[in-house]
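Student: Before we discuss this model, may I ask how its structural terms are justified?
Tutor: Certainly; let us set each term against its criterion.

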Amino acid sequence: MSSKVFRAPRVLLPDGERAATVHVAGGRIVRVGDHDDVPPGIEIVEAPAGAVIIPGIVDTHLHVNEPGRTE
């Protein structure tokens with residue numbers, strides 16, 4: 001099972017926005033931790049400057065029309 005940690009200074013959570021890590025294993029979010037909560041040897045994906053991570057939100061408008069409207 002591959003694991004990654006997504007990290008950003010701006011992560012939008014139910015209790016507000018804060019710096020955090022989003023831990024993903026097997027394609028699922030397994031936990032949200034503090035900004036420095038990164039286990040040794042795990043792949044870290046740093047969010048680009050100014051980006052906000054919103055765990056659990058799926059931007060469905062990009063996928064509903066796949067492969068795209070031809071008209």
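Tutor: We begin with pairing: two strands pair if DSSP finds at least two bridges between them. The model is predicted, and in it H23 stands opposite R31 in strand 3.

Student: How do you know that strand 2 and strand 3 pair?
Tutor: Pairing requires at least two bridges. Six bridges join strand 2 (residues 16-25) to strand 3, so the criterion is met. The two strands run antiparallel, and V24 has I29 in strand 3 as its bridge partner.

Student: What makes the connection between strand 2 and strand 3 notable in the turn?
Tutor: The two strands form a hairpin with two residues between them, and G26 in the turn has a positive phi of about 60°.

Student: How do you know that strand 1 and strand 2 pair?
Tutor: Nine bridges join them in an antiparallel arrangement, and the cut-off is at least two, so they count as paired. F6, for instance, has V22 in strand 2 as its bridge partner. A hairpin through two residues connects these strands.

Student: Why are strand 3 and strand 4 called edge strands?
Tutor: The open sheet has four strands in the order 3-2-1-4, with mixed pairing. Strand 3 (28-34) and strand 4 (43-46) each pair on one side only.

Student: Why is L12 called partly exposed?
Tutor: Its relative accessible area is 39%. Buried means under 20% and exposed over 50%, so L12 falls in between and is partly exposed. L12 lies in strand 1 (residues 3-13).

Student: What makes L12 eligible for a nonpolar surface patch?
Tutor: Patch residues need over 30% relative accessible area, and L12 has 39%. With V52, I54 and I57, L12 forms a patch of about 330 Å² of accessible area together.

Definitions and conventions:
Residues are numbered from 1 along each chain as its sequence is written. This is a predicted model: local features need pLDDT of at least 70, side-chain atom pairs count only at pLDDT 80 or more; totals for chains, interfaces and linings use all residues. Side-chain values use heavy atoms; hydrogens and water are left out. Patches are made of residues with over 30% relative accessible area and no salt bridge: like charges are joined within 9 Å, nonpolar side chains (Val, Leu, Ile, Met, Phe, Trp, Tyr) within 5 Å. Accessible areas come from the Shrake-Rupley method with a 1.4 Å probe; for residues, only the protein chains shown count as cover. A salt bridge is a side-chain nitrogen of Lys or Arg within 4 Å of a carboxyl oxygen of Asp or Glu. Buried means under 20% relative accessible area, exposed over 50%, partly exposed in between (1.4 Å probe, protein chains only).
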